[in-house]
Amino acid sequence: RVKGQVMDTGFHCWEELVKKHLMVASAASGVAVLSHTGTCVYSCGLLSTNSSDEEQDWSLFVGIFDQTEAEPQTLKLKLSTGQVKFVVYHRSSSSLYATSEGRLFRLTVCSFPLGLLVCVSQPPTPMPQSIAAVEDLCTKLRSQANTTQTTTYE
């Protein structure tokens, strides 16, 4: 599913980019690319919007990096396996890390100039490996932002 405005990544589509940088390395079990307004422009795996009858409430990510540490540190996401509550254990100005109860799922959210990358991972992939892969992709997206154009998808 692709809609909204997002940066041209130099790949044919978000699916190719996500597959190359995250899915092939098993760094993510589910990925969503969101605009800063909360529109999902791409999703796959455990975060696939096509895998459930109910739409994911992506609005919970709008302004997430504007929140302070004192604000609620939990997020509820609807994965293809059901509703999962994540507890945030680290937040910076452009990244957020959280784990579910029992650490069955891990959540990494990174911002880039025109959107957010939301990734869910799970064992056996080590958490540091998942975080590094997501952060690396976001770093690439941030560096491309100055040299690429935006495309509107409907």
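**Reading a predicted protein chain**

Student: Where should one begin with this structure, and how many helices and strands are there in the protein chain?

Tutor: One should first note that this is a predicted model. A reader then takes stock of the secondary structure: the protein chain has two helices and nine strands.

Student: What pattern does the protein chain follow along the sequence?

Tutor: The order is β-α-β-β-β-β-β-β-β-α-β.

Student: How does one read burial, and what share of the residues is buried?

Tutor: A residue counts as buried when its relative accessible area is under 20%. In this protein chain of 154 residues, 46% are buried. The accessible surface comes to about 7700 Å², and carbon and sulfur atoms account for 50% of that surface.

Student: What do the contacts show about residues 24 or more positions apart?

Tutor: One considers the contacts with a separation of 6 or more; in the protein chain, 54% of these join residues 24 or more positions apart.

Student: How many salt bridges does the structure hold, and which residue pairs with Lys140?

Tutor: A salt bridge is recognised by a side-chain nitrogen of Lys or Arg lying within 4 Å of a carboxyl oxygen of Asp or Glu. The structure holds one. Its partners are Lys140 and Asp136, whose closest N and O atoms are 3.2 Å apart.

Student: Where do Lys140 and Asp136 lie?

Tutor: Both belong to helix α2, residues 127-144, and are four residues apart, about one turn of the helix.

Student: Why does Asp136 count as partly exposed?

Tutor: The category covers values between 20% and 50%. Asp136 counts as partly exposed because its relative accessibility is 37%. Lys140 is also partly exposed, with a relative accessible area of 35%.

Key: Residues numbered from 1 in each chain as written. Predicted model: local features only at pLDDT ≥ 70, side-chain atom pairs only at ≥ 80, totals over all residues. Heavy atoms only, no water. Buried < 20%, exposed > 50% of the residue type's maximum accessible area, 1.4 Å probe, protein only. Contact = heavy atoms within 4.5 Å. Areas by Shrake-Rupley, 256 points an atom, 1.4 Å probe, with all protein chains shown as cover.
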